[in-house]
Each structure stands twice: as structure tokens, then as C-alpha cells.
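Colleague: I am new to this structure. Please take me through one part of it closely, starting with the cysteines.

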Amino acid sequence: PSRTGKSVAVVGSGPAGLSAALTARARNKTVLVVGNRWQDSPLARAECVDNYLGLPSMTGAELMERFTRHAEESGANLVTGKVISLMAWEGFHLTVGNELYEGSSLILAPGVVRQAKYPGEAEFLGRGVSYCATCDGMLYRGRPVAVVGRSPDAPQEANYLRSLGCQVVYVAAGERPEGLDAGIPFIKANRLAVKGEQTVTALEADGAEIPCAGVFILRQAVAPTDLLPQLETENGAIQVDRRMATNVEAVFAAGDCTGGPLQVAKAVGEGHVAGLSACEYLDENQTS
């Protein structure tokens, strides 16, 4: 797809991402949207949305279901998952679980990734810290690993690691999650830190060390600046111009990730502009 010059990859399946997808489909581009299920969207938990023009007094779930159906019916390809790595080379190559997808232009609409990094996390990324069980699990077969569960699918990923032969300990701030294999020890802890020397040697949980060779930190999303470190941000918001263009060529951004107000109408509007701009970019830079 990257060589046709007609594909748009959208990271994020909320109002901004779906609006961008719909707009790009209307201009006959191939569109991939990668994100969480609409039921897991923060908007889906809103009891009443009363400020979206023309659709008063709807629940957030009703809006998200309509938005998702509209994008799907337009022909956008919606993939449930999280982008764990991104390579910019002859377009963009997105790793989602153990699948690889391509796009000629990229729209970032992941919402607000509200998560601070744990001490030691960035330092040991690729040296024992991983964001993907299916990608890196085999490296830790027969070895002790800690799973930090911060996403709905984290228990399944922990079970998968155990099925590979990893010795798994599951750590989370809440109670033991449903669906976690009975044979996996659970530790409730809030303050976490990754410890190591050349590579990871332990996860510190509320002051107690859990010896391990790998730490799988499973959040709902990877922050855009982890995917594209050269992205310009200010106070955590991706910097964009009126066209929703970022400082990286062929990369646009829309919605909560560009800053407030964190409202559906703003997200949908920015998504629309980002979709138009991505299509304009492709039309101007089309390769044979």
C-alpha cells in the first residue's frame, strides 16, 4: 500500500480518528484505523452528551456506536489492537501485535495517553522492558517475567506468556483481574520501578523486589512520542498547524492529543481537517 500513494493509516478509533477515516474514504483512499474497541473508549462511558450539534441528549455509547458504524460502512478497515512500534520508511509501517500494516500518510488520534512512565522503564526499553507479549514472549521462555496490567487485555497476554513457558507474576493497582490463570501469582501494588544493570533484573513493587528477566508493561496505548520521538509537543500536546500537520512530514494529528478543549465536536472537526490534509498530501506526492 505504501507505494500506491493512496493509503491513510489512522492511530486511534475515537471521534477524531473515525472522522478522519470517513473523510479519507470519501476521497477514495484506502484507510486503516487501529484502536481499542469502541466500548473501551472514554466517551462510551459518558452518561449524557448534550453539546454535540444536532444530536442532543445521547449517551456516549450511542454516539461511539454510530461513529464506528458510519466509518465501517464507508469502507474503512478497523483493526482492534494497539500500535506498539512505528517505522517511517517509504511510508509508515505499524506493528500491531504480531501483524504489520502500512500507510502512505499517518494520522495520530490516540486521545490522551494519561500515563507517566515508571522509573527505569525508558532506560530498559528493549533490554528487558517490552510493551508486547506476542512479539517478545518467546525471548523469555523458561524465565521469570513480571506483567504490569494496565489494559483490559493484559490478563490474556499474561496467560499467553505462561502458555509459552514463562514464569509469570502479574502486578496491578486494583484487585486480581477476571480471566487471569489461577496458576499466575498476583501482586497488588501502586508504586512500581524497573531495576537492572545491563538488562532488567527486577521489578520493584511498593518497595519489594520481584526478581525477573523481563517486564511487560501492558497499557491501553503507547504514547505517540514513544512511536515517533521526533514529534514536537508542548505540555504533552502534539503541536499542529491549521492543517493539523505535525512537524513530521506526512504525519497529521487530531483530537484530544493536540490539546483542549477535550470535546467531541472539536475532535470530529480536527479529524475532518486531518483527513482532508492527509489526502491532499497523498495527491501531491503520489508515486507510480
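Which cysteine sulfur is closest to that of Cys 257, and how far away is it?

Modeller: The closest is the sulfur of Cys 279, at 18 Å from that of Cys 257, which is too far for a bond. This is a predicted model: local features need pLDDT of at least 70, side-chain atom pairs count only at pLDDT 80 or more, and totals for chains, interfaces and linings use all residues. Residues are numbered from 1 along each chain as its sequence is written, and side-chain values use heavy atoms, without hydrogens or water.

Cys 257 is also buried, with a relative accessible area of 5%. Buried means under 20%, exposed over 50%, and partly exposed in between (1.4 Å probe, protein chains only).

Now the bonded cysteines. There is one disulfide, a pair of cysteine sulfur atoms within 2.5 Å. Cys 132 and Cys 135 form it, with their sulfur atoms 2.2 Å apart. The torsion about their S-S bond is about 75 degrees, so this disulfide is right-handed. The two partners sit in unlike surroundings: Cys 132 is buried at 6% relative accessibility, whereas Cys 135 is partly exposed at 32%. Cys 166 is in no disulfide. The nearest cysteine sulfur to Cys 166 belongs to Cys 212, 11 Å away. Cys 166 is buried too, at 5% relative accessibility.

Back to Cys 279. This residue lies in helix H6, among the residues that meet helix H1. Helices (H or I, at least four residues) and strands (E, at least two) are DSSP runs, numbered from the N terminus. H6 covers residues 264–284, and H1 covers residues 15–26. On the H1 side, the residues that meet H6 are Pro 15, Ala 16, Ser 19, Ala 20, Thr 23 and Ala 24. Their H6 partners include Val 264, Ala 267, Gly 271 and His 272. Contact here means heavy atoms within 4.5 Å.

H1 itself is worth a look. The twelve residues of H1 should span 16 Å at 1.5 Å a residue (times one less than the number of residues). The end C-alpha atoms of H1 are 16 Å apart, which agrees. Nine of the twelve are buried, so H1 is largely enclosed by the rest of the structure. Among the buried ones are Gly 17, Leu 18 and Ala 21. H6 is one of the elements covering the buried residues of H1; others include strand E1 (7–11), E2, H2, strand E3 (77–80) and strand E7 (105–108). H1 is followed by Asn 28, whose phi is positive, near 65 degrees.

H2 leads on to the rings. The structure holds three aromatic pairs. Rings of Phe, Tyr and Trp (its six-membered ring) pair if their centres lie within 6.5 Å; planes under 30 degrees apart are stacked, over 60 edge-to-face, the rest tilted. Tyr 52 and Phe 67 form an edge-to-face pair, 6.0 Å centre to centre with 65 degrees between the planes. Tyr 52 lies in the loop between strand E2 (30–35) and helix H2 (60–73), and Phe 67 lies in H2, so the pair ties together parts 15 residues apart in sequence. Both rings belong to buried residues: Tyr 52 has 18% relative accessibility, and Phe 67 has 16%.

Another edge-to-face pair joins Tyr 140 and Phe 216, 5.6 Å centre to centre with 80 degrees between the planes. Tyr 140 sits in the loop between helix H3 (133–136) and strand E9 (144–150), and Phe 216 in strand E15 (residues 214–219), so this pair ties together parts 76 residues apart in sequence. Tyr 140 is buried at 9%, and Phe 216 is buried at 0%.
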